[in-house]
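This report goes through a protein model with a bound ligand. It covers model confidence, the ligand site, selected residues and backbone geometry.

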Amino acid sequence: MGLLSGLSSPADLKRLDESQLVELAAEIRQLLVEKVSATGGHLGPNLGVVELTIALHRVFDSPEDPFIFDTSHQSYVHKILTGRADKFDTLRQKGGLSGYTARAESEHDWTESSHASASLSYADGLAKALALTGRGDRNVVAVVGDGALTGGMCWEALNNIASGQDRNVVVVVNDNGRSYSPTIGGFATNLAKLRMQRSYDEIMDHGKKTLKSMGWVGERTFEALQAFKEGVKSQVIPTEMFPELGMKYIGPVNGHDMDQVLSAMTYARNYEGPIIVHAVTEKGHGFAPAVNDVADQMHATGIIDPVTGVPVSEAAPDWTSIFAQEVILAAEQREDIVAITAAMAGPTGLAAFAERFPDRFYDVGIAEQHAVTSAAGLALGGLHPVVAIYSTFLNRAFDQMLLDVALLDLPVTFVLDRAGVTGSDGASHNGVWDMAITSIVPGIKVAAPRDGGQLRELFHEALEVSDGPTVVRYPKGALPEEHEELMRLEDGVDILRYSDSSDDAVDVLLIAVGSFAGTALAAAERLEGVNVTVVDPRWIVPVAQSIVAMADDHDLVVVLEDGIVRGGVGSLISEALSAAEVDTPLRRLAFPDVFPLHSSRSELLAEVGLDVDGVVDSINRWLAPSTEN
Ligand SMILES: Cc1ncc(C[n+]2csc(CCOP(=O)(O)OP(=O)(O)O)c2C)c(N)n1
């Protein structure tokens, strides 16, 4: 492409003539649509920050001025401007470009967690470090969305940032009015008031006039005139939100007007002390199918047609859609069922529930900790809340689950989508910790359905529990083939395959957690000269007594799970066996204790030996008489 082809660093960007930046923005949008439509990724958010990111790299000096992108799903433009434009064909694929900032990729990437609302805390700490190490003249720039700003961490950080008036933290609020769906709550209303002081169009128009016509004075106040001289509207707009924190505020600026954003960033760079720049942007800007996508303005898309935006293949029925149906069914049957999401009604399957039962649905914003304690409050009031959340985001709310819910024996059902290995979203999106962290909560009951039918059953079983928290966890993606049990034991364990233990062959008890039932059954078929019993515990916490008894009748116990190996189901069963003085050896096929890089779920599972080949190889190795295993 024209301008982009000569651009491999922010220094190149600084060499362009200012008049070329609008053309550059158009090229970047074209690249984004072309590449992200072929790989999938966060298209809408990145289309919305093209001008903002150009202005940031033009005005500030990354990496000496550290840039922190909140969540960092909107960092594609930053990647393009920091020499990675040619890698977009590999986006989110094994060995390719990460979908988030990644320190191994570039010195311009300072962070890599994709959990929201952390940027301002990073910025606060970095600014303190720069001040202490003689680099206090640098600016730390944090780009944070209005969605991320609904997270409590941001406000804890702002509280601290405001108290460091000698530190240069530039908080760029990228206000597109949306998380996935429109951002909700008192904060969002306040931000909207700021945005709507005058109508949106008027802001855009006003900004242009202020910036372009040097003779304009009108009836503005002295403060506004000063601001005008500096190229932006910098008077404190009469709203309590930011000024009461003690933060300088400028804006709102039209985040798609290059002149305005350049002026705002220049003002922010020259301002001494912490400052908020409020930029109004549009998610999906410049790509009509994204702008017109009512669900989430193409927040995150799969592979799509680059012209129409239509997905190239139809989505297969997935776990989320089963939950979506069952939670509505449950609420029809029981008036005490209410549902909570932390800004993810669509992705967790609660959107239809929200339409059907608007009074029994709560979107609390990106606020997982609050979601859980708020659920505790609902339960205290006699209701049975269902907290639908991605497994990875439950990490945030462990203390609330432990002490605000479980200590009080409150009936809250946690439905964990994307549990286990998720893959393409990289290290910080994998749901491999939930079994380890939930299983240490006293009194909790955790279920891992093996297929859609079991999800229906176990979800309703969970709702029947009235004395403490329950968890139902299931992975990302399409539903697997269903496997009917041969028999259900009294404590709920399903036998999926019997071994013929009458011969002299070794008897292996293969315990398949959740969606690994199919893998375990296929592996059992391929193991030669071994009698394999396959069971699905269904409820993985607490450990069923029948599992302990069966282990005693076998020569080897193998536990197959896609959570981390330490503290997982294998560990729990191992402890149960030793408590019962059952000395059958136990082996774990689980996720190793590492942060995996991004690649597809199936690639990652194969890499760590959690596919059929891996299971067969491991068991053969463990049973081989000559090995040291
Ligand atoms: C702790 C946490 N909860 C939920 C999410 C899922 N999530 C990713 S981006 C996003 C919306 C972010 O909205 P905003 O900050 O306004 O950025 P935008 O995409 O609108 O630019 C959500 C809810 C997350 N990444 N982290």
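## Model and confidence

The model is predicted. Its pLDDT averages 91 over the protein, and 92% of the residues score at least 70. Residues 198–238 fall below 50 in pLDDT; beyond near neighbours in sequence, this stretch has 59 contacts in the model.

## Ligand site

The ligand is surrounded by 23 residues, of which His73, Ala116, Gly147, Ala148 and Glu368 come nearest. Sorted by class, the shell consists of 8 nonpolar, 10 polar and 5 charged residues.

Several polar atoms of the protein lie close to ligand oxygen atoms in the model. For glycine 147, a polar backbone atom is 2.7 Å from an oxygen atom of the ligand. For lysine 283, the atom involved is a polar one of the side chain, and the distance to a ligand oxygen is 2.9 Å. Aspartate 146 has a backbone N or O atom 3.4 Å from an oxygen atom of the ligand. Of the 580 Å² that the ligand exposes when taken alone, the protein buries 98%.

## Histidine 42

Histidine 42 sits in the loop that runs between α3 (21–39) and α4 (43–47). Its relative accessible area is 6%, so it counts as buried, the cut-off being 20%.

Beyond four places in sequence, the contacts of histidine 42 are Val36, His73, Tyr76, Tyr100, His299, Ala300 and Asp425. One of these, His73, is also among the residues that come nearest to the ligand.

## Histidine 483

A second histidine, at position 483, is placed in the loop between β11 (470–473) and β12 (487–488). Histidine 483 counts as buried because its relative accessibility is 18%, under the limit of 20%.

Neighbours within four places aside, histidine 483 is in contact with Arg450, Asp451, Leu496, Ala517, Gly518 and Leu521. Phenylalanine 393 is 90 residues away from histidine 483 in sequence, and the C-alpha to C-alpha distance between the two is 30 Å.

## Helix α23 and serine 546

Helix α23 spans residues 545–552, and its buried residues are Ser546, Ile547, Val548, Met550 and Ala551. These buried residues pack against four strands, β13 (494–497), β14 (506–512), β15 (530–536) and β17 (556–564), and against helix α24 (569–579).

Which residue shares a side-chain polar contact with serine 546? The partner is aspartate 491, at 2.8 Å. Serine 546 belongs to helix α23 and has a relative accessible area of 14%, which means that it is buried. With residues up to four places away in sequence left out, serine 546 touches Leu489, Asp491 and Val493.

## Asparagine 160

Asparagine 160 is part of helix α8, residues 152–161. Is asparagine 160 buried or exposed? At 32% relative accessibility, asparagine 160 is partly exposed, because this value lies between the cut-offs of 20% and 50%.

Its contacts beyond four places in sequence are Asp124, Lys128 and Arg167. Alanine 447 is 287 residues from asparagine 160 along the chain, with 41 Å between their C-alpha atoms.

## Backbone geometry

Most peptide bonds are trans, and most residues other than glycine have a negative phi. The sites below depart from one or the other of these patterns.

Serine 62 and proline 63 are joined by a cis peptide bond with omega about 5 degrees. Proline 63 lies in the loop between α5 (50–59) and β1 (67–69). Another cis peptide bond leads from glycine 251 to proline 252, where omega is near -5 degrees. Proline 252 is in a strand, β4, which covers residues 248–254.

Positive phi values occur at arginine 92, about 65 degrees, and at glutamate 581, near 55 degrees; neither residue is a glycine. Arginine 92 is in the loop between α6 (76–84) and α7 (119–132), and with a relative accessible area of 15% arginine 92 is buried. Glutamate 581 is in the loop between α24 and β18 (586–591). Its relative accessible area is 72%, so glutamate 581 is exposed.

Note on methods: Residues numbered from 1 in each chain as written. Predicted model: local features only at pLDDT ≥ 70, side-chain atom pairs only at ≥ 80, totals over all residues. Heavy atoms only, no water. Helix = DSSP H or I, 4+ residues; strand = E, 2+ residues; numbered from the N terminus. Buried < 20%, exposed > 50% of the residue type's maximum accessible area, 1.4 Å probe, protein only. Contact = heavy atoms within 4.5 Å. Near = heavy atom within 4 Å. Polar contact = N/O pair within 3.5 Å; in protein donor to acceptor, adjacent residues only side chain to side chain. Areas by Shrake-Rupley, 256 points an atom, 1.4 Å probe, with all protein chains shown as cover. Nonpolar A, V, L, I, M, F, W, Y, C, P; charged D, E, K, R; others polar. pLDDT = per-residue confidence, 0-100.
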